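This report goes through a single model. It takes up one helix, a set of charged pairs and a sheet.

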Amino acid sequence: MTLEEFKIKVYALIEEYNEDAEDLTEDEDLALKMNHVINSVMHEVARMKKIPAKATMEIVFAEGEEEHEIEMTDIDSEIYQIDVIKGLDSIVIGKNVIFNEEGTAKIYYYKYPVAITEDTDDGYVFELDNDALECMMYGVAGDLLKADISQANGNIYMQRYEQLLSRLDPRSALGGIYIDGAIGV
């Protein structure tokens, strides 16, 4: 889903959508806040419905080193959390990774989404799954309307957002195990 498609959904939800308006709404205050509110709610949802990523790194020890230590941000500046490191013996301590052997490491991790600012193009494509975006829509609507005393809908949208967020399945895959052969007992 693009940023523009998402904005249309939110504006339609709060009954502020105008397809002829330059910013998709005639309400200038909403238009000015929209990208910042989307960014804030998106980062909150991304901690629940994580964005998976993968990196491959060649680990080479410096002369005399018995281990090699890197910071998580050496993997990706937007890294949020390491899932698993395959291929090399390693340990994660806080925000550091210590490799105990040289070679190629495959690092599976979760990352923050690309930030949305007032300069972000409406063609921006979200990295979150559709279920997260549908949940996020209510959080954005609630945040946009929470300061408007005449709009009781802000509280209703926030309640719906919290409800959907609590039901959001953080898994992107189900684990499984395969046993080949039989064991006699």
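The sections below cover the basis of the values, then the helix, the salt bridges and the sheet.

## Basis

This is a predicted model, in which local features need pLDDT of at least 70 and side-chain atom pairs count only at pLDDT 80 or more, while totals for chains, interfaces and linings use all residues. Residues are numbered from 1 along each chain as its sequence is written, and side-chain values use heavy atoms, with hydrogens and water left out.

## Helix 3

Helix 3 covers residues 130-145, a run of 16 residues. Helices here are DSSP runs of H or I with at least four residues, strands are runs of E with at least two, and both are numbered from the N terminus. From the first C-alpha to the last, helix 3 reaches 23 Å, close to the 22 Å expected at 1.5 Å a residue; the expected span is 1.5 Å times one less than the number of residues.

Of the 16 residues in helix 3, 13 are buried, leaving the helix mostly covered. Buried means under 20% relative accessible area, exposed means over 50%, and partly exposed lies in between, with a 1.4 Å probe and protein chains only.

## Salt bridges

The search of the whole structure finds 6 salt bridges. A salt bridge is a side-chain nitrogen of Lys or Arg within 4 Å of a carboxyl oxygen of Asp or Glu. One of them joins K9 and E134, with the closest N and O atoms 2.5 Å apart. This pair links distant parts of the chain, since K9 belongs to helix 1 (residues 3-13) and E134 to helix 3, 125 residues apart. K9 is partly exposed at a relative accessible area of 32%, and E134 is partly exposed at 31%.

Which residues are linked with K49 in a network of salt bridges? They are D129 and D131. Between K49 and D129 the closest N and O atoms are 3.8 Å apart. K49 lies in the loop between helix 2 (28-48) and strand 1 (51-59), and D129 in the loop between strand 6 (103-111) and helix 3, so this salt bridge ties together parts that are 80 residues apart in sequence. For D131 and K49 the closest N and O atoms are 3.1 Å apart. Here the link runs from helix 3, which holds D131, to the loop that holds K49, 82 residues apart.

The three members of the network do not share one exposure class: K49 counts as buried at 6% relative accessibility, whereas D129 is partly exposed at 38% and D131 is partly exposed at 36%.

## Sheet

An open sheet is formed by 3 strands in the order 1-6-3, with antiparallel pairing. Two strands pair if DSSP finds at least two bridges between them. Strand 1 and strand 3 (79-86) are the edge strands, each pairing on one side only. From one strand to the next the twist averages 30°, taken between axes that are lines fitted to C-alpha atoms (for helices over the stretch in contact), with angles from 0 to 180 degrees between N-to-C directions.

Strand 1 is joined to strand 6 by 9 bridges; M57 has A105 in strand 6 as its bridge partner. Strand 3 pairs with strand 6 over 6 bridges. The bridge partner of Q81 in strand 6 is Y110, and K86 stands opposite K106 in strand 6.
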